[in-house]
Amino acid sequence: MGSVNEEKLRFCIDRGGTFTDVYAEIPGQSDGRVLKLLSVDPLNYDDAPIEGIRRILEEYTGEKIPRTAKIPTDKIEWIRMGTTVATNALLERKGERIALCVTKGFRDLLQIGDQARPHIFDLTATKPSNLYEEVVEVDERVELVLEEDKGNKDSSFVQGVSGELVRVVKPLNQETMKPLLKGLLDKGISCLAVVLMHSYTYPHHEISVEKLAMSLGFRHVSCSSALTPMVRAVPRGLTASVDAYLTPVVKDYLSGFMSRFDEGLGKVNVLFMQSDGGLAPESRFSGHKAVLSGPAGGVVGYSQTLFGLETEKPLIGFDMGGTSTDVSRYAGSYEQVIETKIAGAIIQAPQLDINTVAAGGGSKLKFQFGAFRVGPQSVGAHPGPVCYRKGGELAVTDANLILGFVIPDYFPAIFGPNEDQPLDIKATRKEFEKLAGQINSYRKSQDPSAKDMTVEEIALGFVNVANETMCRPIRQLTEMKGHETRNHALACFGGAGPQHACAIARSLGMTEVLIHRFCGILSAYGMGLADVVEEAQEPYAAVYGPESILEASCREALLLKQVRHKLQEQAFSEENIRTETYLNLRYEGTDTAIMVKRKIAEDGSRGDYAEEFVRLFQQEYGFKLQNRNILICDVRVRGVGVANILKPRDLEPASCDPRVEGHYKVYFGNGWHDTPLFKLENLGYGHVMLGPAIIMNGSSTVIVEPKCKAIITKYGNIKIKIESSVNTVKVAENVADVVQLSIFNHRFMGIAEQMGRTLQRTSISTNIKERLDFSCALFGPDGGLVANAPHVPVHLGAMSSTVQWQLNYWGDNLNEGDVLVTNHPCAGGSHLPDITVITPVFDNGKLVFFVASRGHHAEIGGVTPGSMPPFSKSIWEEGAAIKAFKLVQKGVFQEEGIIKLLQFPGADELAHKIPGTRRLQDNLSDLRAQVAANQRGIILIKELIAQYGLDTVQAYMTYVQLNAEEAVREMLKSVAAKVSSQSTKLGDGKSVNIEEEDYMDDGSVIHLKLSIDSDKGEATFDFSRTSAEVYGNWNAPEAVTAAAVIYCLRCLVDVDIPLNQGCLAPVKIHIPAGSFLSPSDKAAVVGGNVLTSQRVTDVVLTAFQACACSQGCMNNLTFGDNTFGYYETIGGGSGAGPSWDGTSGVQCHMTNTRMTDPEIFEQRYPVILHKFGIRENSGGDGLHRGGDGLVREIEFRHPVVVSILSERRVHAPRGLKGGRDGARGANYLVTKDKRRIYLGGKNTVEVQAGEILQILTPGGGGFGYSP
């Protein structure tokens, strides 16, 4: 494998979605041959890679090879290929027909997933479709043995692969399986995905199913335990279903590809690129490892040719295509992730960490609500942008054409009816002129003195907005891992990337851009730089220590032997094999595992995994956990067959000035520039071109902006030095610049998002780190919300009243270095577990902003573990209540003070001895994480102020709120018009009045009178006639109702507007004091946040006739004892709408938190999950059906205290416009003597070992009369 035959051709191929790129090394030629073909061109050829090889062989040999003939292989040394066959099949849902084989009780496990809906403001709550058609439930069960039972001598105990003891409770019966599998074959399904509970450690049942299925004639079986033997059934099962769905498609394509060659193919080395950046032979290339095949080639391409050769800086890979842009990072080793989500499917396998953003050359351009918007919708390849002559819409490519960033003379003339015309700049300009009329008309309405924007200014504005859209994921990719973005170089490739490179680098504060000479085909070129990779992994569960390290080393040795053998089978000699070993480690009590590579010192000594884990954990999360065990989860080895095929070639130093091929007009920020154009093939090492300049690199256009300098390196690549600082913007008018408005929207939201990522990284509790029960936001100096990252809807807009309350309370007694903490409902809080940390931001001693983070602390004291007592009647029963406290005072963390508040919550109520927090250290750690998240926000705000100036930043803080206000006003006007047209009883065309009400299960009523002024676009939400404060805990602070209203408005706008105070500006909310939506400061409120918020949402959306009621509940379950506590919320059915069915088994409206994986649930807690599935037919009937609820059955293996806090057990979720109601929920306890006891909606019960809790969550209401 290490030898090289100089007399034969070598092919590197990337078969992309639109184009297939071929790079061939040809004997006797110093430069490789580059060929670009349409991936699908059925009139001319069947397969693009075969056609590329055929054409190049014809050129080289001079002999005609008919398209129908087999390709001769005597002149081919090797072929390396990446393909999007798997990706396209997944995106288009055109894979193999498959069935899912799963443990009984879990037939809907993969459909439910983690319960979260993909887009929180999408009322349809649409989730990706299942890949499988049928489900077979396997009547088998394996349980983990509890720690205290391990000493018992029991013949049914078996040691699993991971070292964990398991008990086979119900063995697999093959005879009962046979008819089920035969039934699938009878339906034409011959591919199977298998995921059985705890098969990661006990794979025997999955293996039995596979053997039986193959013996019956199944074509392909994907066993989850063989693909990814890691704990967590959902991602493992989804990976198996992806593999079963794609592998037959991939194998069919590969066998078809291989069949096109003559009988000598066996002597040709043919390898395919995997998602992890390694190559594999056809026999080992499977579906779940093929999805990032093409993008992985690009990462290998830029990393192996630029890092260390052209720069010592870490690289950001920037691959901009037609519909999306891929972003990655390289700093000497490939950054890999074990799990990612692609096209809605979770894939658990080693793969390069490539982030995709929906912005590319085909992203649509729109002017909406006074702001420029780019994407996320794409015009696609057909009809494509306006300039493609197919009647398309304006896209980023059109804007680049207007500006001269795309040169029609150098773009293929393949357009028009005969496919022989150039890009249509006239049609593009005409469409931009139409848009300019709309934009300038709007600007004049805002400011009569506003000067008209030219077509070029508008096009440049859209490009700037597109650039900022792409900067956001780059900042997140680097800074969420603790790296400074500005310290990187931008490695740019892909068709459209080099046009944007200088502008993006400048925005990110980078000073260096690198563009490979093969940037247009770098994914193909990267195939020739990749190594062959074989991996092996197995689970191993143990506490890190001398004994476990010895066992892990033994497991490593066996796995290393396997991968070496596989590489030796592929003709790699021992000296060409490199191995790496990893342990997947996590701290005890956390879910965050890190795959740690063992460091080998120069003297050959092996480094300590634990030391490296602590270092990596601290780098990524900003802290280390003291006195906490480190747990081993998995052992992994990676064998690399080093190929060393393609080598960079040095260029001769240039002996003359660079040759100018012509001059073209290019528009930059300060007007048109007469810009020289150069061809890269005519440039030599050392040539320097000062910006502005154009360099044509094959079909890619490289734009060198003014104040930049391009240098040709000795390897023929382009290095651009960015010599100017980041552009600044001055406020020139008293109205917002429509371009800068969009950019500041992105920047403000980006700050809130990065705060959220910091909080997720630095927290330790499952609730915040894994379930994502938190929100982060940015506020003006008056406490008005500027941007709220959309994490948990019930927090939306609600923190503004919290900040304003603190501002009024502290007044002038706020100093730099102060951090405030509060959770009291009367101080703008929601319920006590949601603790808000607020930091004022000062600039030169002046208060200019606030940042805040709110996180759900799973334990803050109170009468029950988990701080969610079902029967609390006063707030002091619910735990620590903090109105105002300086958590940090002038930079000093007030640990003693906050400990006192958390441990002695009843200090103000001397008569009540209320337990303090049961998890103090978790509270303190998460509070510090919230402080760190706020500090991250402050740093980013100060960077923004340094870049633009305080006046500008504060002006746009106001403008983004006005922009959101305008969007909501327009929505209210359109809703009023729609409602008036449907019924004259509700409105006269100028105003609309709607009354709506719904009931809590105790009979208390939420009454809403909604009045909309259709002329002004204003609305009043009047909750008069709502019931009085209740003697229970479903009282809801006013902030909760405000959050529900802002959530509903954002859903109805259906445009990606920022969530800020402006949304509520056209809205008045009247809540009568003393009602249960505005209770006294002594009222119990823990249920208001999680139950009443859902009912308010249902009432508002029903008033707008937007959709039927969803499950109207969060189904809060807590259980625990003095040693542990657990909390979860359970999904249900979403309400149907005018054009959609409701979604089953999903988190609805005011929450979107994740569900713990069943295997983790059983591994960490003394429970057995018998059933978790869809509650069939619980959705309301109608023209469109409501979504079904869920069924969850939990057996407890220890005595514990269980608390359930739920609603919709008496009053069903209502249908709308003739649709039927959804089914009510129900909670039962099945005792050891088999009695089934109804628990009602709210209860606390002491459960004995062996007793089972059954929770049936409500379905959603139906919409419309069913015909």
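**Ser275 and two crossing helices**

Reader: Which residues does Ser275 touch, not counting those up to four places away in sequence?
Author: Ser275 touches Lys289, Ala290, Val291, Leu292, Ser293, Ala296, Gln351 and Leu352, where contact means heavy atoms within 4.5 Å. The model is predicted, so local features need pLDDT of at least 70 and side-chain atom pairs pLDDT 80 or more, while totals for chains, interfaces and linings use all residues. Residues are numbered from 1 along each chain as its sequence is written, and side-chain values use heavy atoms, without hydrogens and water.

Reader: Is Ser275 buried or exposed?
Author: Ser275 is buried, its relative accessible area being 2% (buried is under 20%, exposed over 50%, partly exposed in between, with a 1.4 Å probe and protein chains only).

Reader: And where is Ser275 placed?
Author: Ser275 belongs to the loop that links β12 (269-273) with β13 (279-281) (strands are DSSP runs of E, at least two residues; helices are H or I, at least four; both are numbered from the N terminus).

Reader: New topic: at roughly what angle do the axes of α9 and α10 cross?
Author: The axes of α9 (residues 396-403) and α10 (residues 425-446) cross at roughly 105° and come within 10 Å. The two helices are therefore roughly perpendicular (65 to 115 degrees). Axes are lines fitted to C-alpha atoms over the stretch in contact, with angles from 0 to 180 degrees between N-to-C directions.

Reader: Which residues meet there?
Author: From α9, Asp398, Ala399, Leu401 and Ile402 meet Ile425, Thr428, Arg429 and Phe432 of α10.

Definitions and conventions. Angles under 35 degrees count as roughly parallel, over 145 as roughly antiparallel, 65 to 115 as roughly perpendicular and the rest as oblique.
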